[in-house]
Each structure stands twice: as C-alpha cells, then as structure tokens.
Amino acid sequence: MEDVAFITTPLGVAKITGSSEGLSSIIVLDSEEPLTDVIPESLEDAVYQLNEYFEGIRTEFQLDLNPEGTEFQKKVWLELQNIPYGRTASYMELSKLIGDAKAIRAVGSANGRNPLWIVVPCHRVIGSDGSLTGYAGGLHRKKWLLEHESPHKQQSLF
C-alpha cells in the first residue's frame with residue numbers, strides 16, 4: 001500500500017506517492033486538492049527536499065526512487081538524473097547518451113511519461129534548436145523551472 005501526500009508548491013499542488021521502497025510518483029495537479037496535514041513518514045524526505053528545491057537551497061535530490069515503467073523508460077529516467085541543475089540537454093543528446101541516436105521519439109515518449117516531477121528532471125530536456133518543447137506539466141511550468149534553476153537570474157524592471 002502506497003502513502004500519498006498533497007503539498008503546495010509555487011507551481012500548484014503536488015501529489016506525492018510512495019512507500020518504504022521509494023517514491024513512485026510526484027505529479028503537479030491542475031486542480032486544488034486538500035493539503036496533507038500529517039506527511040507519512042515514507043514521504044517526509046521527499047517533501048523536505050522538494051521544499052528546499054523551491055527555496056533555492058537544493059540542487060540535487062537524494063531519494064530512493066521506485067517508479068513503474070518499462071526497462072527502456074527507466075533507462076531514460078536514469079539518464080535524465082545526470083543532467084545537472086541549471087543545464088539542459090536536447091532529445092538528440094539524450095538519445096545518444098542512452099546509446100541509440102535513432103531513438104529520439106522513444107526518448108521523447110519516455111520523457112513524457114516520467115512519473116517523478118522535478119526529482120527526475122525531464123523539464124531540462126529541450127528541442128535541438130533550444131526551444132521549449134512539450135512538457136506534461138505545461139510549458140508555463142517548464143519555463144518557470146528552467147528560470148528557477150538558471151544561474152543567470154533575470155531582474156524584473158517593473
């Protein structure tokens with residue numbers, strides 16, 4: 001049986017699921033859900049580390065992960081974790097890193113099915129031309145996350 005927690009983030013309510021075996025999913029919701037009053041013990045580290053990430057304190061996660069997926073998807077998700085904070089990679093680069101330059105579409109599909117929002121940083125994958133391509137959480141969130149991680153913060157004039 002998996003534990004579930006709903007927490008607030010700057011990008012909406014996040015639903016976190018997992019057990020003592022690790023996190024199985026972190027997704028951002030477009031709907032409002034009641035926030036969790038008492039975080040289950042198996043999810044405490046995830047909540048703590050996500051809060052640190054949003055506060056700008058954490059750039060890497062140290063969490064046990066237990067997502068469901070095919071072997072290929074898990075291979076892609078593992079490679080995503082090697083894209084450093086504040087950096088991006090293209091789908092082409094990612095497909096080369098997993099050893100199959102022709103697997104761009106399959107890599108894109110696996111990236112889109114990533115169940116671990118932010119912790120497995122699929123938001124760091126962009127088009128070969130530098131464009132912000134599809135993102136399951138919405139392009140506005142992808143843009144926010146990349147700006148949050150950018151070493152070159154844009155100052156607002158207004």
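So, polar contacts between the two domains: there are 7 residue pairs in polar contact across the interface of domain 1 and domain 2, with both partners at pLDDT 80 or more. And yes, keep in mind that this is a predicted model.

Which elements of domain 1 are on that side? Two of them give two or more residues to the side touching domain 2: strand S3, running 22–28, and helix H1, running 44–55. S3 gives the most, with 6 residues. As for character, the residues on that side of domain 1 split into 11 nonpolar, 3 polar and 1 charged.

Okay, charges. How many salt bridges does the rule find across the interface of domain 1 and domain 2? Just 1. If you want to click on a salt bridge in the viewer, try the side chains of Asp-30 and Arg-141, which meet in one at 2.9 Å, N to O.

Let me back up to the domains themselves. The domain assignment puts domain 1 at 3–55 and domain 2 at 71–149. Their C-alpha centres are 21 Å apart. Contact-wise, 15 residues of domain 1 touch 13 residues of domain 2.

Now the area. About 1,200 Å² is buried between domain 1 and domain 2, and 70% of that comes from carbon and sulfur atoms. Which three residues supply the most on the domain 1 side? That's Leu-11, Ile-26 and Tyr-53: together they make up 52% of the area domain 1 buries against domain 2, more than any other three residues.

That's my tour of the interface; happy to go back to any of it.

Note on methods. Residues numbered from 1 in each chain as written. Heavy atoms only, no water. Domains from an automatic or database assignment. Contact = heavy atoms within 4.5 Å. Buried area = accessible area lost by both parts, 1.4 Å probe. Salt bridge = Lys/Arg side-chain N within 4 Å of Asp/Glu carboxyl O. Polar contact = N/O pair within 3.5 Å; in protein donor to acceptor, adjacent residues only side chain to side chain. Helix = DSSP H or I, 4+ residues; strand = E, 2+ residues; numbered from the N terminus. Nonpolar A, V, L, I, M, F, W, Y, C, P; charged D, E, K, R; others polar.
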